[in-house]
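User: Hello! I have a structure open here and would like to talk it through with you, one question at a time.

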Amino acid sequence: MDVTPIIDPLNDAQREAVTAPAGPVLVVAGAGSGKTRVLVHRIAWLIQVEGVSPLGILAVTFTNKAAAEMRSRIEQLLDMPVANLWVGTFHGLAHRLLRRHWREAGLPQTFQIIDADDQQRIIKRMIRNLDLDESTWVPREIQWFINAQKDEGLRPGNVDDRGDHSRRQLIKFYEMYQDTCERSGLVDFAELLLRAHELWLGNPELLSQYQRRFRHLLVDEFQDTNAIQYAWLRVLAGDTGVPFVVGDDDQSIYRWRGARVEHIRNFRNHFPGTKTVRLEQNYRSTGTILNAANAIIANNSTRLGKKLWTEGDQGEPIRIYAAYNERDEADFVVNRIVEWTNGGERRSDVAVLYRSNAQSRVFEERLIQLGVPYRVYGGLRFFERAEIKDALAYLRLMSNRADDASFERVVNVPPRGIGARTLDTVRNYARGNAIPMWQAALTGAGGQLSARAAGAVARFVEIIDAMERDVSGLPLHEQVDHVIRASGLIEHLEKNKNERAEARIENLEELVSAARGYEPGDEEEDMTPLDAFLAHAVLESGETQGESWDDCVQLMTLHSAKGLEFPLVFIAGMEDGLFPHRRSVTDAESLEEERRLCYVGATRAMRQLYLTYAEQRRLHGVDNFGQPSRFLTEIPEEFFEEVRPRVNISQPVFRRRDEPQSGGMRLGQRVRHRKFGDGVVLGVEGSGAHARVQVNFESAGTKWLVMSYAKLELM
DNA sequence: AATATCTTGCAGTCG
DNA sequence: GCAAGATATT
């Protein structure tokens, strides 16, 4: 057998990992050191050299995109399809298991997955039903709390209230929310993972069946696994499973989602005899880019410690551009992109990265103006658009009448005379009798409705029932097509003849073609094509949509750029408060996470890296003056040069940290006030005599102070 | 009950 | 600057 294609393209460290004997392996792999390659080659090695059946291998990736890429690279390397190899995200794999074993997992066969938006609606409605004040009990915070508990693997009964009143209330909300979901057969993202874990714990024979099957467990982006994912994996590994995990503590950017870098550090304790391999040679970026990235990340205190190096050239300096405002920033970036493509380079080799999705708009406007094709990743994804979710809600209700969330969403969309009062009656009746709202609607809420309302409700019930009848036996896309028409959604939008409505109709039609192009994987064996499609819509939310490999400039958040690489990279919005984000600057740990995010961003660049910031930025419709990001000041001067094409600009250029502006105030700065005591700067607004700072004082709370009056002492 | 107009709060990152 | 929610109007 010829193994040269598998091991020849590898360096020594990579080869050591790929050919390691069966036993736990931890690969600490820096950015661009070929970690995907190691995983792909390891799998190929197992199959071709060790003779492991693809059936016995489980590979976990972080995104669906990465999963698809891994599979195709393995197939390319082995030159054969490996359909029975399980590759997917934790969520995708958990879903697959729950579909297979819904009974053992205690779920209805028709359970459906909800996204964060659906989840929030359910919580909002719950708070309203309880007649509680939404400003005291903020739905978003309740949602955050519930998900955090689930990420830690905790059910309401296991959460410690710490004797705290409001915590006790949050636990109650968790309990109620969970009841609602269970009555409606709904499963949120975190629940997928928790249920899959409980599936192991509650069914030892099932577990051992999977333990026997999956001897080899490979995990990518291991630094971003959360407690429940890691627990799930450890249980599955048991005493016989052989984990092979790849990660980089410097690229851990999902702490806010429950991910824990400690998993990398603890791995060796959990799996005795672990072989550790370090990959530090970088094949991606120029020396300058690497040096700068190394310098930035060196400011973090909690690291395993690692320094990337390259045999390649130093390359060009990093370029820093101080824009006047966010439009100037976009102008600059797009002009550089045009120069790039005029030089014969490809647009798809360019990425514009930013901290938050809202930043994409200005770039889009400018790109459209100049006719440059682009693609935005993330943001408002296809399956998250309101009209698409309406259509999906019809489909879900058709498939599962107990889905109250979907019922509420579409019962009066388009308007059919079922208003708030009618709905209240139906809802109360349903709650009183512990039945789904659909049931309640069938009986006209036990006869409590007025004749007119009862008629309207009956017509709605008939629409859904008729839909199900008319659709049976049709291919998936025709089902979808029928439903968007029979629901009246299209007609409703047609009446409304503005541009936005037209775009929405196009989106609905796009949904039909998405259904036409959808092929259920083999994991969806037991599901109807419709249910499989609905699950796909929530889990992928359009990530793999529009895979039309047109030559497009790529716009995305720093988070979604993880794992990707581009010859030319722009990181925009390098301002304190934006990046690092204002919510992360008051806490050392989250600030370090922001710094890792910066490191991730910088190491995406292969040849050229631009960092831009705006001196003035419009946020929420008001102009704010910001300071250059502290991360910029962490780059040694020999690695960058400033770009300043505009002449006669009164504003000075990029300032080093210690040159004071606004009296040296920056976010996160600790200050002392004569009366209020010690605090932390949360915001800076304006400049000169009008400059104001927002300070969170330890004892006096949050206050806005005019800088020229309040004599704040820097600490 | 539906439609038109206003006000509010908002956006931190993801599957 | 935009969308959802609240309020006013028909």
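Analyst: Happy to help! Let's settle one term before we start: a residue is called buried when its relative accessible area is under 20%, and exposed when that area is over 50%. Please keep in mind that this is a predicted model.

User: Thanks! On which sides of β10 are its residues buried: one face or both?

Analyst: In a regular strand the side chains alternate between the two faces of the sheet. In β10, V350, V352 and Y354 lie on one side and A351 and L353 on the other, and all of these are buried. The faces covered are therefore both.

User: How many of the five residues of strand β10 are buried, and what follows from that?

Analyst: Strand β10 spans residues 350–354. It is largely enclosed by the rest of the structure, because the buried residues number five of the five.

User: Which strands pair with β10, and which residue in β12 stands opposite Y354?

Analyst: β10 pairs with strand β13, residues 566–571, in the parallel sense over four bridges. In that pairing V352 stands opposite F570. Strand β12, residues 553–557, also runs parallel to β10 and is joined to it by four bridges. The residue there that stands opposite Y354 is T557.

User: Let's go to the other sheet. In what order do the six strands of the open sheet come, and which are the edge strands?

Analyst: The pairing in this open sheet is parallel, and the order is β3-β2-β6-β7-β1-β8. An edge strand here pairs on one side only, and that applies to β3 (86–89) and β8 (275–279). Neighbouring strands of this sheet are turned against each other by 15° on average, with direction ignored. To name the edge strands once more, they are β3 and β8.

User: Which helix packs on this sheet, touching β2 and β6, and what angle does its direction make with that of β6?

Analyst: Strands β2 (residues 57–61) and β6 (residues 216–219) run parallel and are joined by four bridges, with A59 opposite L218. The helix that touches both is α11, residues 227–237. Its direction makes an angle with that of β6 of about 160°.

User: Is E221 buried or exposed, and is D79 buried or exposed?

Analyst: Both have a positive phi without being glycine: about 60° for D79 and near 50° for E221. D79 lies in the loop between α4 (64–78) and β3, while E221 lies in the loop between β6 and α11. The relative accessibility of E221 is 7%, so E221 counts as buried. D79 has a relative accessible area of 69%, which means that D79 is exposed.

User: Which residues surround DNA strand C, and how many of them are charged?

Analyst: The residues around DNA strand C are K124, R361, R500, R618, H620 and G621. Of the atoms of DNA strand C that come within 4 Å of the protein, sugar and phosphate account for 55%. Sorted by class, this surface has no nonpolar and two polar residues, and the number of charged ones is four.

User: At what distance is a phosphate oxygen of DNA strand C from an N or O atom in the side chain of R618?

Analyst: Two side chains can be looked at together here. For K124, a polar side-chain atom lies 3.4 Å from a phosphate oxygen of DNA strand C. For the N or O atom in the side chain of R618, the distance to a phosphate oxygen is 2.8 Å.

User: Which backbone nitrogens does the side chain of N11 reach?

Analyst: N11 lies in the loop between α1 (4–7) and α2 (12–18). At 18% relative accessibility it is under the 20% cut-off, so N11 counts as buried. Leaving aside residues up to four places away in sequence, N11 touches Q281 and Y283. A polar atom of its side chain lies 3.1 Å from the backbone nitrogen of A13, and at 2.8 Å the side chain also reaches the backbone nitrogen of Q14.

User: One last thing: where does a cis peptide bond join F579 to its partner, and what is omega there?

Analyst: The partner is P580, which lies in the loop between β13 and α26 (588–602). Another cis peptide bond joins V413 and P414, with omega about -5°, and P414 has its place in the loop between α17 (404–410) and α18 (420–433). For the bond between F579 and P580, omega is about 5°.

Key: Residues are numbered from 1 along each chain as its sequence is written. Chains are lettered from A and ligands numbered from 1 in the order in which they are written. This is a predicted model: local features need pLDDT of at least 70, side-chain atom pairs count only at pLDDT 80 or more; totals for chains, interfaces and linings use all residues. Side-chain values use heavy atoms; hydrogens and water are left out. Buried means under 20% relative accessible area, exposed over 50%, partly exposed in between (1.4 Å probe, protein chains only). Helices (H or I, at least four residues) and strands (E, at least two) are DSSP runs, numbered from the N terminus. Two strands pair if DSSP finds at least two bridges between them. A residue is near a molecule or strand if one of its heavy atoms lies within 4 Å of it. A polar contact is a pair of N or O atoms within 3.5 Å; within protein, one must be able to donate a hydrogen and the other to accept it, and residues adjacent in sequence count only if both atoms are side-chain atoms. Ala, Val, Leu, Ile, Met, Phe, Trp, Tyr, Cys and Pro count as nonpolar, Asp, Glu, Lys and Arg as charged, and the others, Gly among them, as polar. Axes are lines fitted to C-alpha atoms, for helices over the stretch in contact, and angles run from 0 to 180 degrees between N-to-C directions. Contact means heavy atoms within 4.5 Å.
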